[in-house]
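Please look over the chain below, and keep its sequence at hand while reading the report.

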Amino acid sequence: MHRVFVYGTLKRGGATHHWLAGGRCGGRRRLRGVRLHDLGPYPVEDAALIHGELYAVDPAGLAALDRLEDVPVEYERHCLLLTDDTEAWVYLGRPEQVRGRPVVPYGDWGATPVFNCGSS
């Protein structure tokens, strides 16, 4: 099995999540050193911290994700350490893809962060 960290439309509820059918969800994780940029229908990363989900997929599932992500044309697949020291495959874009594009707030594609402001 291969561990894959997903942070955009492959996350639960995302438009391409069905590509992970048969994969096993390992819960929410974070990846340091990347920042998401909004490219309209999907995000591409740059540098800071992003939130996503970890999945275990078989070799056929990984090959299918490579086709979906158009490796190596649109994305490249890299093996990286997540913030909990889990090693996982991550699909990364290129810096020229994000020039001038807005940053995804809080590095969490498709989510609304909740903050506890408390009372003073």
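The report that follows goes from the overall fold to single residues.

## Overall architecture

The model described here is a predicted one. The protein has two helices and seven strands, and these elements follow one another along the sequence in the pattern β-β-β-β-β-α-β-β-α.

Of the 120 residues of the protein, 38% count as buried, while the exposed surface comes to about 6,900 Å², of which carbon and sulfur atoms supply 53%. Among the contacts with a separation of 6 or more, 64% are made by residues that stand 24 or more positions apart in the chain.

## Helix α1 and what covers it

Helix α1 spans residues 59-68, and Gly61, Leu62, Ala64, Leu65 and Asp66 are buried in it. The cover over the buried residues of α1 includes strands β1 (2-6), β5, β6 (76-81) and β7 (87-92). Two of these names return below, since glutamate 53 has its place in β5 (residues 49-57) and leucine 10 sits in the loop between β1 and β2 (24-32).

## Glutamate 53, an acidic residue inside the protein

Is glutamate 53 buried or exposed? With a relative accessible area of 4%, glutamate 53 is under the 20% limit and therefore counts as buried. A polar atom of the side chain of glutamate 53 lies 3.0 Å from the backbone nitrogen of arginine 12.

Apart from neighbours within four places in sequence, glutamate 53 is in contact with Val4, Phe5, Val6, Lys11, Arg12, Gly27, Arg28 and Arg29. Arginine 12 thus appears in this list of contacts as well as in the pairing of its backbone nitrogen with the glutamate 53 side chain.

## The loop between β1 and β2

Leucine 10 and threonine 16 can be read together, as leucine 10 is in the loop between β1 and β2 and threonine 16 lies in the loop between β1 and β2 too. Leucine 10 counts as buried at 4% relative accessibility, and threonine 16 also counts as buried, at 17% relative accessibility. The side chain of threonine 16 reaches the backbone nitrogen of leucine 10 at 3.4 Å.

Not counting residues up to four places away in sequence, leucine 10 touches Thr16, His17, Trp19, Leu20, Leu65, Leu68 and Glu69; one of these, Leu65, is also among the buried residues of α1. For threonine 16, with neighbours within four places left aside, the contacts are Thr9, Leu10 and Leu68, and Leu68 is likewise touched by leucine 10. The C-alpha atoms of leucine 10 and glycine 52 are separated by 9.3 Å, although these two residues are 42 residues apart along the chain.

## Aromatic rings and cysteines

How many aromatic pairs does the structure hold? There is one aromatic pair in the structure. This pair is formed by phenylalanine 5 and tyrosine 7, whose rings are tilted, with 6.4 Å centre to centre and 35° between the planes. Both phenylalanine 5 and tyrosine 7 are buried, and Phe5 was named above among the contacts of glutamate 53. Elsewhere, arginine 77 lies over the face of tryptophan 89, at 4.3 Å from the ring centre.

The structure holds zero disulfides. Cysteine 25 is partly exposed, with a relative accessible area of 37%, and cysteine 79 is also partly exposed, with a relative accessible area of 40%.

## Backbone features in the loops

Most residues other than glycine have a negative phi, and most peptide bonds are trans. Against that background, several places in the loops deserve a look. Aspartate 70, which comes just after α1 and is placed in the loop between α1 and β6, has a positive phi near 55° without being a glycine. At 37% relative accessibility, aspartate 70 counts as partly exposed. The loop between α1 and β6 also holds proline 72, and the peptide bond that joins valine 71 and proline 72 is cis, with omega about 5°.

Aspartate 85 is found in the loop between β6 and β7, and this residue has a positive phi of about 70° although it is not a glycine. Why does aspartate 85 count as exposed? The relative accessible area of aspartate 85 is 61%, which is over the 50% limit, so aspartate 85 counts as exposed.

Notes:
Residues are numbered from 1 along each chain as its sequence is written. This is a predicted model: local features need pLDDT of at least 70, side-chain atom pairs count only at pLDDT 80 or more; totals for chains, interfaces and linings use all residues. Side-chain values use heavy atoms; hydrogens and water are left out. Helices (H or I, at least four residues) and strands (E, at least two) are DSSP runs, numbered from the N terminus. Buried means under 20% relative accessible area, exposed over 50%, partly exposed in between (1.4 Å probe, protein chains only). Contact means heavy atoms within 4.5 Å. Accessible areas come from the Shrake-Rupley method with a 1.4 Å probe; for residues, only the protein chains shown count as cover. Rings of Phe, Tyr and Trp (its six-membered ring) pair if their centres lie within 6.5 Å; planes under 30 degrees apart count as stacked, over 60 as edge-to-face and the rest as tilted. A charge sits over a ring if NZ of Lys or CZ of Arg is within 6 Å of the ring centre and within 35 degrees of the ring normal. A polar contact is a pair of N or O atoms within 3.5 Å; within protein, one must be able to donate a hydrogen and the other to accept it, and residues adjacent in sequence count only if both atoms are side-chain atoms. A disulfide is a pair of cysteine sulfur atoms within 2.5 Å.
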